[in-house]
Amino acid sequence: MLGQNHTCTSEFILVGFSTFPHLQLMLLLLLLLMYLFTLLGNLLIMATIWSERGLHTPMYLLLCALSVSEILYTVAIIPRMLADLLSTRRSIAFLACASQMFFSFTFGFTHSFLLTVMGYDRYVAICHPLRYNVLMSPRGCACLLGCSWAGGSVMGMVVTTAIFHLSFCGPNEIHHFFCHVPPLLKLACGDDVLMVALGIGLVCIMALLGCLLLILLSYAFIVATILKIPSAEGQNKAFSTCASHLTVVVVHYGFASVIYLKPKGPQSPEGDTLMGITYTVLTPFLSPIIFSLRNKELKVAIKKTFFTKLFPQNC
């Protein structure tokens with residue numbers, strides 16, 4: 001699958017943040033704190049949903065799956081990045097690089113597909129409440145979850161296979177902190193590099209835009225339905241169930257668009273490296289905060305489940 005007979009490279013060097021030697025200690029501390037907070041935040045959400053039977057609904061089970069995908073996505077990238085900030089030799093084996101790309105794309109696109117399914121869940125809940133238990137039955141919910149994870153795996157396999165079938169016969173320095181597509185394409189040689197680059201770009205953009213269009217379509221129907229609710233209180237209640245999901249969608253696709261839809265032109269590798277922090281560290285960091293603060297039911301459950309036990313005198 002990885003075309004080892006077509007490459008002269010057995011390992012790559014992750015340049016990463018070595019071009020910012022004066023910032024490495026500060027970056028290490030900042031990124032480590034954000035990573036730990038991301039893990040703890042998502043684990044807290046998962047533990048709360050698991051322990052509170054009132055949250056055993058499709059909406060919160062999908063949120064739990066989203067937290068799992070975020071944890072796995074960050075585990076695929078950030079520990080290696082933190083280790084490289086402490087190391088002077090930042091080499092990564094050919095197969096390890098391919099594995100990192102596969103898992104990062106798999107869990108990254110699984111995250112996008114899960115956000116799309118969550119948009120559909122909110123559409124059914126608001127626009128077809130009487131049919132909700134049928135359309136979002138346990139079997140239906142499991143099918144949607146399975147399709148999301150399978151779709152992410154297919155995307156990861158397609159992208160990784162396409163990239164690592166190329167020949168790498170030049171410098172082996174990847175100007176990034178993980179094995180990402182654009183810097184690897186710059187190291188590839190051969191007549192098919194441009195075709196592979198265009199194909200991967202098209203597949204990724206179509207997948208992201210397809211998910212985004214489905215989410216926007218869901219919310220178009222949701223807004224139309226909410227505007228028909230006669231009372232302002234009913235409208236606010238309906239909007240509040242969508243606020244956290246919609247905010248995460250804006251953050252997720254906002255940062256993704258910066259990467260996949262940015263204009264072509266001369267760009268510094270250092271700028272691309274720093275920009276990579278937004279979608280590999282910042283987006284997973286913000287997601288549990290948004291869901292915890294913007295979702296009243298989840299916020300109450302977290303307080304009831306954990307903070308009343310840890311700080312009983314303050315609750």
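Hi everyone, let me start with one residue, Asp84, which is buried, with a relative accessible area of 8%. One thing to say up front is that this is a predicted model. The side chain of Asp84 meets that of Arg80 in a salt bridge, at 3.3 Å from N to O. Arg80 is partly exposed, with a relative accessible area of 27%. Both sit in helix α2, which covers residues 58-86, and being 4 residues apart they are separated by about one helical turn.

How many salt bridges does the count come to? The count is 2. The other pair is Arg122 with Asp121, where the closest N and O atoms are 2.9 Å apart. Here both Arg122 and Asp121 are buried.

Now to the cysteines. The structure has 2 disulfides, and if you count bonded cysteines along the chain, the pattern is 1-3, 2-4.

Let's take Cys97 and Cys179, which are joined with an S to S distance of 2.0 Å. Cys97 is in helix α3, while Cys179 is in the loop between β3 (173-174) and α6 (181-187), so this disulfide ties together parts that are 82 residues apart in sequence. The link is left-handed, with -130 degrees about the S-S bond. Are these two cysteines buried or exposed? Cys97 counts as buried at 0% relative accessibility, and Cys179 is buried as well, at 0%.

The other disulfide joins Cys169 to Cys189, with S to S at 1.9 Å. Cys169 belongs to the loop between α5 (138-164) and β3, and Cys189 to the loop between α6 and α7, so the parts tied together here are 20 residues apart in sequence. Cys169 is partly exposed, with a relative accessible area of 46%, and Cys189 is also partly exposed, at 22% relative accessibility.

A couple of cysteines are worth a word for having no partner. Cys211 is in no disulfide, and the nearest cysteine sulfur, that of Cys204, is 11 Å away. Cys211 is buried, with a relative accessible area of 6%. Cys242 is in no disulfide either; for this residue the nearest cysteine sulfur belongs to Cys127, 8.8 Å away. Cys242 is buried too, with a relative accessible area of 4%.

On to the nonpolar interior. In soluble globular proteins, nonpolar side chains tend to be buried together. In this model, the largest nonpolar core has 68 residues. Which residues have the most contacts inside this core? They are Phe12, Leu63, Ile163, Phe164, Phe168, Leu184 and Leu298. Helix α3, residues 94-127, gives the largest share of the core, with 15 residues.

If you'd like one place to zoom in, try Leu184. Leaving aside neighbours within four places in sequence, Leu184 is in contact with Phe12, Met101, Ile163, Phe164, Phe168 and Ile174, and also with Cys97 and Cys179. Those last two are the cysteines we met earlier, joined in a disulfide. Apart from this core lies another, of 23 residues, with Leu31, Ala76, Ile77 and Met81 among them.

Let me finish at the surface. Val154, Val158 and Val203 make a nonpolar surface patch of about 220 Å². Val203 is placed in helix α7, residues 193-226, and counts as partly exposed at 33% relative accessibility.

Thanks for listening, and I'm happy to take questions.

Terms used: Residues numbered from 1 in each chain as written. Predicted model: local features only at pLDDT ≥ 70, side-chain atom pairs only at ≥ 80, totals over all residues. Heavy atoms only, no water. Patch = residues over 30% accessible without salt bridge, like charges linked within 9 Å, V, L, I, M, F, W, Y side chains within 5 Å. Areas by Shrake-Rupley, 256 points an atom, 1.4 Å probe, with all protein chains shown as cover. Salt bridge = Lys/Arg side-chain N within 4 Å of Asp/Glu carboxyl O. Helix = DSSP H or I, 4+ residues; strand = E, 2+ residues; numbered from the N terminus. Buried < 20%, exposed > 50% of the residue type's maximum accessible area, 1.4 Å probe, protein only. Core = buried A, V, L, I, M, F, W, Y, C linked by side-chain atoms within 4.5 Å. Contact = heavy atoms within 4.5 Å. Disulfide = S-S within 2.5 Å.
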